[in-house]
Every structure is written in C-alpha cells, then in structure tokens.
Number of protein chains: 2
Amino acid sequence: MAGTDSSVAITYRPSPAVILCEPQLGENIGTAARAMANFGLWDLRIVNPRDGWPNERAVAAASRADHVIEKVQVFDTVEAAVADLSLVYATTARRRDMQKEVFGPDVAGQRVISHIAAGQKAGFLFGRERWGLYNEEVALSDAIVTLPVEPAFASLNIAQAVLIIAYEWRRQTDLGAVLPFESGLADTAPREELVGLFEHLEGVLDKTGFFTTPDKRPSMVNNLRTALTRGSFSSQEIRTLRGVISSIDRRHERPNPNRQAPKAKDEAED
Amino acid sequence: MAGTDSSVAITYRPSPAVILCEPQLGENIGTAARAMANFGLWDLRIVNPRDGWPNERAVAAASRADHVIEKVQVFDTVEAAVADLSLVYATTARRRDMQKEVFGPDVAGQRVISHIAAGQKAGFLFGRERWGLYNEEVALSDAIVTLPVEPAFASLNIAQAVLIIAYEWRRQTDLGAVLPFESGLADTAPREELVGLFEHLEGVLDKTGFFTTPDKRPSMVNNLRTALTRGSFSSQEIRTLRGVISSIDRRHERPNPNRQAPKAKDEAED
C-alpha cells in the first residue's frame, strides 16, 4: 500500500523503544525499522547484531525508514540497552516458568502509554530469530507480552511482532483515531429531495404499469422507498438518479438514443 | 518468535476472506498467508496472480501455512472473487474521491464480526504491490479501510496490512482474550508470611545497626515494608528471601562461606 505523504515531516514523539536482542539477519532489522516507522516509533536499539552495524541489508529492507536506521543505537548487553528505561516488557511466544505477569499487546500498549505520559521511559524486548529471548533477559523485564495468535500457527517473524506492538501503541494513543484521510461523504440530501426522487420514480412507474393492482401500490411504494432511503443519497446523487430515471423513461421516445446526448446522461456521469 | 503448538489442530472458524488483487510477487502471497494463519484466517482468494498458481515462492514464504495455501482459490476477476460475499471492504492507503465511508481496522473488524455472527460472509480486498486497488474495485466495496499510520511513512507491504486486519479481527472476537499461555504467577503469600519476613529482616537490621536512631526506626521500617509489599511475593519467594537474609546475616560467622553449602543458598536457587 502506497500513500506516504512526503510533505509531512517525521515527528519524534515520546514513544517506547524497541530492543532487538542479537538479531541475525539485517533484513529483519530493516523490516522491523519499517514497521516501527509505519506507526510512529523511532527508538531502535540493537544488542550485538550478528553481522555488525551499520548493515546494508538492513538499510535496503527498511524501505526508506532512514530516520529510524540513522538513530539506531548498538549495545553489547541487554542490561546496557535498557539502562535508561523504567518499564521493560519482554515479548515471547513461549511459556516461561517464571513469576511474571503475562498479557497481550493491547494491555501492554495501554500501560506503556500511561508510563510515558507520566514522563518515564519504556521499551519492548524482542528475541533472536531462532530461539527468542533467554530467560535472563525475560527476568530483567517487568512482564511478558504475548500475542493472541492461533496456537496451531504461532510463529511470527520479528518485523511482524514489532508491527503489532507498534500498532497497539498507536491505536491507543490519541493518534489512533487519526486516519491519513477521512470519509469523502457528502451530506445526505434534505428529505424533500429524496421525496422528489420517489415521486418522480413512482410517477414513471404508474405510467409503465409497474404497480400491477392499485391495492398493492402502497406496500410496493413503501418497499421501494425503504430500499432507496438506506442509500443516504447526497443531493448530487439524487440529481443523477433522477437523470437515470428520465433517461430510461424517454428511451422509447427516441429512435436511436446513442446518437443523442440527453441531458440526463450527462448528469449521470458527474 | 517460535511457539507453535503442533499438537493443536488448525480450526476453520467462520472468518473474513482475504482477496489479493493481481499480486506480482509469490513471496507476498506466501507472507500474507502466514499472517492470516497467525490470527486464524484461512480463506485466501487471489485475482490474476502475475506468476500463475500454484507458486513455489508463495509456498516457501508461507512458512508452513500450508493449510491456507492449499485452500487458495484463484479468480479471473474481482467480481468473481467476491461473488458470494455480502460485505466487502477495500483496504487502501490513498484517498479516493468517492462517496465511501472510511474507517480504521478496529471499526472494520467489529463490523465484520457482527456480519459473520449473523451468518453472512465478508472479505477484505488488498491491492497490487505498486499501485494498490483500482477505483473500479473500490467502487465494488461497501467501505474503505485504512490504517492509522504515520502520514510521513505510510507504506506497508501487503503481508503487514493483512496482519493488522487479521489481528484486529481476532482481537475483537472472543478469541482475542485467549493468549497462548497465561501468567505463571503463584498466589501472593498470606500476610502473616510477609510480616514474618519483615520481622526477620528488621530483627537482623536491629543487630547490624541499620536503624541509626530509635526515633527514625518506625519510618524506616514503614518505607522498607512499603517497598517490599509492592512485590506481592509468593510463599516460595518469601522463603527464598528469608534464606537470603539468613545467609548474609551468618556471613561473618563463617571463615570461608564458599566451602560450605548453606541451606539458605539452596533455597535461593529454587
């Protein structure tokens, strides 16, 4: 999905850090950076990346999330990477025999938002591609975050786990309700215009014999009006529909409608 | 993140279809299938895949989401792919000049869940890697879904967009509260055990001269008790902590503690 608005500046709001522990593949660092950038995170910390840093593959995979890549901090130990944080959550898909609270990304997002709103710093630990976080790293964390995955198919790659965590953070901040664009809906027309459409249509149908018997007409009219009301048509759409009706109604008046350009057809193409 | 429980059978619950329109790369079909499987979706439909179907690269990228790949249906047109659905949402990151409602994945998830709960079928359309959905495809949809992304960095790949949609579906179903494992927290100890710990510690500290003056003792005790109460220790943890205190307390009684194996140390390693 494209849609990036390059006229908008990147903003660096107070937001949780993402700490990747000993990632093996540069691609995963890059796609994690991209996932962070999508939802407005920017503080990426890497503990002992296998292939060193900087990493060209990470840059390529980040798909222009350069503002995240440029700010990356590299550490030798997890302890150093979380040194300035006062709330740390460990993400893991495996049960640990540890006295730790476990919750989903929604609860984690909510708690991180409160923590950061109070002026403190928070972060999420993510483990190695093959075997996740060590118990020593989980022990250093306040709680465990795990995703509500299908138990029979629980394996996410790092960037996807980062994406869900970043999404949950954003969804629950005041930014969550801000979509990149809003509904393009015009106002629904005043009811008199809708009634005008109904009467126009019903008048034409009276002439065509649509209403088979007079006693059936009222219920048929009610059903038609009910169906057409659900569309919440705008004034423009009502004009277009009236054009459609006129065009069909006049169909038999013309020997060859293709050679004419009836006004009603123009309206339908608005 | 590993963690798949292969003893659990895949379930095929009523859930929304994912329709990929003319995907170019098999990898994207595969990673989309994996993202669906993570959150329990399984109905994947592909319109005119560029490289045909079946596609080896899709299978490889699906990381064993074979149950989704095997059920894939291929169609020539979007109209055919959505023929049996009565609710269709178009996902797009670009504003369209169309009279369509626009909402986020949370609202979309909620509406799809209601629709499916009423016994009807629903699906999400996803566009081409490069330019998304055509307006004709969006026009065929009930509404537009867009993600609450950072406007300055709005580009997600298809699998990531599918992941968020699938996550929102699952989060809002009754499955959303079911995590693959729960907190391993033992019960908090009864208060008398905590008071036993306090009195043990305070008795030792009385001997060591920690409480500098008798008039400061009560407030220092309150502060210590407050800090230690916040840990909500289990009975086992309280036994361990009392072992720790005893071990330190007896430190000076022994010429070389390393050559002994005090009971308290064993407890600390439980």
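A salt bridge is taken here as a side-chain nitrogen of Lys or Arg within 4 Å of a carboxyl oxygen of Asp or Glu. In this predicted model, R128(A) and E22(A) satisfy that criterion, with their closest N and O atoms 2.9 Å apart. The pair connects distant parts of chain A, since its members are 106 residues apart. R128(A) sits in the loop between β6 (122-126) and α6 (135-139), whereas E22(A) belongs to the loop between β1 (17-21) and α1 (26-38). Over all chains, the rule gives a count of 30 salt bridges. Side chains of opposite charge can pair when their charged atoms come close.

Some of these pairs cross from one chain to the other: six salt bridges are found across the interface of chain B and chain A. One of the cross-chain pairs is R170(B) with E150(A), whose closest N and O atoms are 2.9 Å apart. Polar contacts across the interface, counted for residues both at pLDDT 80 or more, amount to 25 residue pairs. On the side of chain B that touches chain A, at least two residues each come from α1 (26-38), β5 (101-103), α5 (105-117) and α7 (158-172). The greatest contribution to this side is that of α7(B), with nine residues. By residue class, the side of chain B that touches chain A comprises 36 nonpolar, 19 polar and 15 charged residues.

The overall extent of the interface may now be considered. In total, 70 residues of chain B are in contact with 70 residues of chain A. The area buried between the two chains is about 6400 Å², and carbon and sulfur atoms give 58% of that area.

How is chain B related to chain A? A turn of 180° and a shift of 0.1 Å along the axis lay chain B on chain A with an RMSD of 0.1 Å. This is the relation of a two-fold axis. The interface residues correspond as well: 100% of those in chain B are also interface residues in chain A, so the copies meet through the same surface.

A record annotation can be placed on this arrangement. For chain A, UniProt lists residues 17-167 as "domain: tRNA/rRNA methyltransferase SpoU type", in an unreviewed entry. In the model, that span of chain A is 37% helix and 19% strand, and its end C-alpha atoms lie 14 Å apart.

Several features of the backbone remain to be described. Which peptide bond of chain A is cis? The bond joining W53(A) and P54(A) is cis, with omega about 0°. P54(A) is located in the loop between β2 (44-47) and α2 (56-61) of chain A. In chain B, the peptide bond from W53(B) to P54(B) is likewise cis, with omega near 5°, and P54(B) is found in the loop between β2 (44-47) and α2 (56-61) of that chain. On the other side of α2 in chain A, the loop between α2 and α3 (66-70) contains S63(A). Although S63(A) is not a glycine, its phi is positive, at about 45°.

Notes:
Residues are numbered from 1 along each chain as its sequence is written. Chains are lettered from A and ligands numbered from 1 in the order in which they are written. Side-chain values use heavy atoms; hydrogens and water are left out. Contact means heavy atoms within 4.5 Å. Buried area is the accessible area (1.4 Å probe) that two parts lose on being put together, summed over both. A polar contact is a pair of N or O atoms within 3.5 Å; within protein, one must be able to donate a hydrogen and the other to accept it, and residues adjacent in sequence count only if both atoms are side-chain atoms. Helices (H or I, at least four residues) and strands (E, at least two) are DSSP runs, numbered from the N terminus. Ala, Val, Leu, Ile, Met, Phe, Trp, Tyr, Cys and Pro count as nonpolar, Asp, Glu, Lys and Arg as charged, and the others, Gly among them, as polar. Copies are superposed by least squares on the C-alpha atoms of residues with pLDDT of at least 70 in both. UniProt positions are given in the numbering used here, feature names are shortened, and annotations may be inferred rather than shown by experiment.
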